[in-house]
Amino acid sequence: MTEHHSGQTIPRCLARTARIVAAVLLILALATTGLRADSKSTWDMIKERGTLRIGVVQAEPYAFSDPITKQWTGMAPSYGRALAEALGVKPEFVEVTWGTAVAALQANKIDLMPNLSVTPQRATAVEYSNAPLSYSALALLVHQATTVTTWDELDKPETRIAVSQGSSEDAYVTQRLKKAQIFRFGSYSEDLAAFQNGTVTAVALYHPSLVVLASKVDDAKIVVPKPVRSTFSDTAVRREPDKTLRDWLTTTNIYFYNTGASQQWYEQFLLARGIDPKTSPSILKEQQ
Amino acid sequence: MGYSWDFTPVLRAMDLLLLGLGNTLMLTALAFLLGLPVGIALALARLSRHRVIAWPVGLMVDFLRCTPALVQLFWLFFALPRLLPVRLSPFGAALMALTVLSAAFVSEVFRGGIVSVERTQWEGARAIGMTSRQAMRRVILPQAVKRMIPVFLERLVELLKMSTIASTISYPDLLFRAQDIAQATYRPLEVFTVTALLYLVVIAATSEATRRVERHLARSGEGTVH
Amino acid sequence: MQQVLTFLPVFAEGAWATFQLAAASLCLALPIGLLVGMARHAHRPVLAWPGRLYVELFRNTPVLVLIIWFFFAFPTLVPLEMDAFTAAWLALSLNSGAFFAEIVRAGIQSIPRGQWDAAKALGMTYRRQMVRVILPQALKRMVPALANRWVELFKLTALAAPIAYPELLHTARLIASAYYNPLQSFSIAALAYFIMIYPMTQCAFWLERRLRRSE
């Protein structure tokens, strides 16, 4: 091993690091040539495979998997099973998060993503069926003693709000409350845990989820800040030339919405979790 | 048709990534600095002649070294507040977890370091009339510490890598920011590749710096030779 | 307390998943480490340089970053099905492989020159020298370091939880989320890890002592 004099070691160190970085980039660049083959349409792949891969998030009431039984229940699984039955294939549930759902679609990990809130930004990356399944308002879970009525009141540094990382609530709250401290956790339960620990003083979620969360805590109430932020969620699919799947979903969603099925699935889940559906606003626009 | 790389979204968000990197470095530095005194205290407690102190501390240190850091972090952030009326912020919990992790390791190294200084040094010190405490402070500790510095510095590098666990509880470090940006730009490949390279560069540089310190110490005859 | 008993089978499944991931990673990391370690020792730069690059790259990148990269970034590059297990397995194997490579290299280097010369004098080729004389001796010296690295690897499997691989920590997280009992859940998980890992560390110490005695 040769002696190094300090005049030489600094450039040597940098040169070495630069070589490593350059080599890595070169390898990656070479690795990309002609590797992703052109794929068939999702519709054909579903029929060939015999399974429909539905994206689900551990987010009540949209989807919930009991760690012991490992069965998926909730709005998305009910919806997914109905779709699979209509197609004559088997449903397969693939767990994702709100933040990674779009990536999962793009990476062909799932065929469709139900209950994805519609945002123009998401629409640049995926396609929606344009027939929403549920409408909800963005609300806050706060302590009983808290008084807050408007979004503006919350826009100050003392506000500590938890959201689910990468969700549309995250996007809205980040952009709307520039001065507040926003904490982004991996699941609604962790948001709630942070609320119970005192790390945050509010959890921002759409009202269907808050109805479930509020039933788990004692000192909490739901507040809908004004101006009311309404949103709707829809089924998202990968962007591709063949629109068969997307167009079919438009029809199925209109069907499920207008026959009241989507509201029914929501109420069924609430009942299963021991919550009286009458305590919650409907997810159908007409009944809100 | 190959993948079409597009680094512009990442480069536009570079300032956020660098802020995240700053948070990573700050968390690591604080955990390292706090871990040293805590670790030394633990080591001395373990070396104590009173079983009542040495035994529980020993068990705790063993427990900390035999459980993954991420488990400790989740326990501190989600479970501890249910046991005691404490409120931990993500930064607080991450700092505590990494400090404790570092301290457990430091305590073992310290114990080993003190034990490794030859008996002859103790006897020599005693022979010229020093008390046990004087011997420890003026003869043993300085030698032990010089031997331990390289190991501590390696520990710093390990801690830098482990700091990524803080991203799982919403501490805005580099990895957390990367996930935010990847989810917002729908470009996970570019974002995570750039993030990995940032970590690589910082950690490789720190690693190289610690190696140079080790070589310097080795030349002066005190460190462990590689 | 009764609830805890109903969860024990699920935790056991999680522990088994942890073990599977660790064992699978070891199976890939050891051959990688052996090959790269030998390559780094070789005097031909065409072998040594990529080896050096590999070790620097996978030792200095945090494991969680590697896991996330393989799970989220890699599949957009190559048309491979990347489930959580595969992503974590690749990340852990490549990372541990880099550490094993250094252990192998150090082990080989610790064998005195005399052994190489003696083997050469007996007319052995480089390959035979390595396989029949050097490696067997070096392997004995590497065992303690390898055992320690195995313990580290086992602990690192917990980093597969953020990508929802259903190992022990993720199981605890799921149960805590579904039943709102983080104190019980994470305490059980920590205890379970300790019960699995502590004996391994004791084994590693014992191996170290035995090998030192036989030197």
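In which helix of chain B is the place of B:L98? The answer is helix α5, which covers residues 90-116 of chain B. Good morning. I shall begin with this residue and then turn to chain A and to two interfaces. Please keep in mind throughout that this is a predicted model.

Is B:L98 buried or exposed? Its relative accessible area is 1%, and the limit for a buried residue is under 20%, so B:L98 counts as buried. Which residues surround it, once its neighbours within four places in sequence are left aside? B:L98 is in contact with B:L27 and B:A31, and also with B:L159, B:M162, B:S163 and B:I165. One distance may help you to picture this part of the chain. From the C-alpha atom of B:L98 to that of B:G113 is 22 Å, and the two residues lie 15 apart along the chain.

Let us now consider chain A as a whole. Chain A contains eleven helices and twelve strands. It has 288 residues, and 57% of them count as buried. The accessible surface of chain A is about 12,700 Å², with 56% of that belonging to carbon and sulfur atoms. How are the contacts within chain A spread along the sequence? If we take contacts between residues at least 6 apart, 70% of them join residues at least 24 apart.

I come next to the interface of chain A and chain C. A general remark first: the size of an interface is often given as the accessible area lost when the parts come together. For chain A and chain C, that buried area is about 2,300 Å², and 63% of it lies on carbon and sulfur atoms. Chain A brings 28 residues to the contact, and chain C brings 26 residues.

How many salt bridges are there between chain A and chain C? The count is two. One salt bridge joins the side chains of A:K70 and C:E13, with a distance of 3.2 Å from N to O. Between these chains there are also six residue pairs in polar contact. On the side of chain A that touches chain C, α1 (6-31) and α8 (188-197) of chain A each supply at least two residues. Of the elements there, α1(A) gives the most, with seven residues. Sorted by class, this side of chain A has eleven nonpolar residues, six polar residues and eleven charged residues.

My final topic is the interface of chain C and chain B. Here the contact takes 34 residues from chain C and 36 residues from chain B. Chain C and chain B bury about 3,200 Å² between them, and carbon and sulfur atoms give 76% of this area. Which three residues supply more of the area that chain C buries against chain B than any other three? They are C:N60, C:L183 and C:F194, which together supply 17%.

The count of salt bridges between chain C and chain B is zero. Four residue pairs are in polar contact across this interface. The elements of chain C that give two or more residues to the side touching chain B are α2 (45-60), α3 (63-73), α6 (126-156), α7 (168-179) and α8 (182-213). The largest share comes from α8(C), with eleven residues. By class, this side of chain C has 25 nonpolar, five polar and four charged residues.

Thank you for your attention.

Note on methods. Residues numbered from 1 in each chain as written. Chains lettered and ligands numbered in written order. Predicted model: local features only at pLDDT ≥ 70, side-chain atom pairs only at ≥ 80, totals over all residues. Heavy atoms only, no water. Contact = heavy atoms within 4.5 Å. Buried area = accessible area lost by both parts, 1.4 Å probe. Salt bridge = Lys/Arg side-chain N within 4 Å of Asp/Glu carboxyl O. Polar contact = N/O pair within 3.5 Å; in protein donor to acceptor, adjacent residues only side chain to side chain. Helix = DSSP H or I, 4+ residues; strand = E, 2+ residues; numbered from the N terminus. Nonpolar A, V, L, I, M, F, W, Y, C, P; charged D, E, K, R; others polar. Buried < 20%, exposed > 50% of the residue type's maximum accessible area, 1.4 Å probe, protein only. Areas by Shrake-Rupley, 256 points an atom, 1.4 Å probe, with all protein chains shown as cover.
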